[in-house]
Amino acid sequence: METVERIFDRLPLEAVRIRTEVFIDEQGFKEEFDDIDNIALHTVLYHDDIPIAVSRIYYDKERKSYIIGRIAVIKPFRGQGIGRIIMENAERIVRNKKGTRLSLHAQERASEFYRKQGYSETGEKDYDEYCPHVWMTKELD
């Protein structure tokens, strides 16, 4: 599937819409938007000019790692490799910034997907709102 990625230094309306649809409407999260949105890069993936997926990337000094989060794909485009494209694009962005590590706070149910992308668990299970999560990291070449 052919996609185009755009990178924003401010939270774009497309990302607000997709994150609201996926995390609030579908998954029931209440605290979706936070101060990290003000410092992160936001990526939006488009197919035929339709925004279909998003993520955000920022540097965390405490973890000494770039963090990717708020990865969301709208329902009609799931299961088509879009998540893999988002992760590959994020790794490219971090490498371009001379970063060597990318981490994420994965929903436990999605952790196998991230393992297949080369990420390893680096922490114990914890909860974000009601949902079990685990920190995962990948050392970049």
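In the predicted model, α1 (13-26), β3, β4 (65-73), α2, β5 (101-107), α3 (111-116) and β8 (131-139) each contribute at least two residues to the lining of the largest pocket. Within this set of elements, β4 provides the largest share of the lining, namely seven residues. The volume of the largest pocket is about 880 Å³, and the lining comprises 38 residues, of which F23, R70, I71, Q107 and Y114 are placed nearest the centre of the pocket.

Two of these central residues, F23 and Y114, also take part in aromatic pairs, of which the count comes to five. The ring centres of F23 and F29 are separated by 6.3 Å and the ring planes meet at 80 degrees, so this pair is classed as edge-to-face. Both F23 and F29 are buried. An edge-to-face arrangement is likewise found for F113 and Y114, with 5.0 Å from centre to centre and 75 degrees between the planes. The two partners of this pair are assigned to separate accessibility classes: F113 has a relative accessibility of 30% and therefore counts as partly exposed, whereas Y114, at 9%, falls under the 20% limit and therefore counts as buried. Ring pairs further connect F23 and F29 with Y130, so that these residues form a cluster. An aromatic ring is also approached by a charged group at W135, where the charged end of R63 sits over the ring at 3.5 Å from its centre.

Strand β3, one of the elements lining the pocket, spans residues 50-60 and includes R56. The relative accessible area of R56 is 3%, and the residue is therefore buried. The side chain of R56 is joined to that of D34 by a polar contact of 2.8 Å, and a polar contact of 2.8 Å also links the side chains of R56 and D37. When residues up to four places away in sequence are set aside, the contacts of R56 comprise R19, D34, I36, D37, A40, L41, H42, I67, I68, G69 and R70; R70 is also among the residues nearest the centre of the largest pocket. With respect to I7, R56 is 49 residues away in sequence, while the C-alpha atoms of the two residues are 9.3 Å apart in space.

H42, which is in contact with R56, belongs to strand β2 and has a relative accessible area of 1%, so that H42 is likewise classed as buried. A polar atom of the H42 side chain lies 2.9 Å from the backbone oxygen of D37, and the side chain of D37 is in turn joined to that of R56. Beyond the residues up to four places away in sequence, H42 touches R6, I7, F8, R10, L11, P12, R19, D37, S55 and R56. R19 thus appears among the contacts of R56 as well as among those of H42.

Strands β2 and β3 also contribute to an enclosed space. The structure holds one cavity of 30 Å³ or more, and the volume of the largest cavity is about 30 Å³. The lining of the largest cavity consists of E5, T43, V44, L45, A53, V54, I86 and N89, and the elements that supply two or more of these residues are β2 (41-47), β3 and α2 (82-96). Among these elements, β2 makes the greatest contribution to the lining, with three residues.

Notes: Residues numbered from 1 in each chain as written. Predicted model: local features only at pLDDT ≥ 70, side-chain atom pairs only at ≥ 80, totals over all residues. Heavy atoms only, no water. Helix = DSSP H or I, 4+ residues; strand = E, 2+ residues; numbered from the N terminus. Buried < 20%, exposed > 50% of the residue type's maximum accessible area, 1.4 Å probe, protein only. Contact = heavy atoms within 4.5 Å. Polar contact = N/O pair within 3.5 Å; in protein donor to acceptor, adjacent residues only side chain to side chain. Phe/Tyr/Trp six-rings, centres within 6.5 Å; stacked < 30°, edge-to-face > 60°. Lys NZ or Arg CZ within 6 Å of the ring centre and 35° of its normal. 1 Å grid on protein atoms, 1.4 Å probe; cavity = no way out; pocket = protein on both sides within 12 Å on 5 of 7 lines; lining within 4 Å. Points joined across faces, edges and corners; volume = space filled by probe spheres on them.
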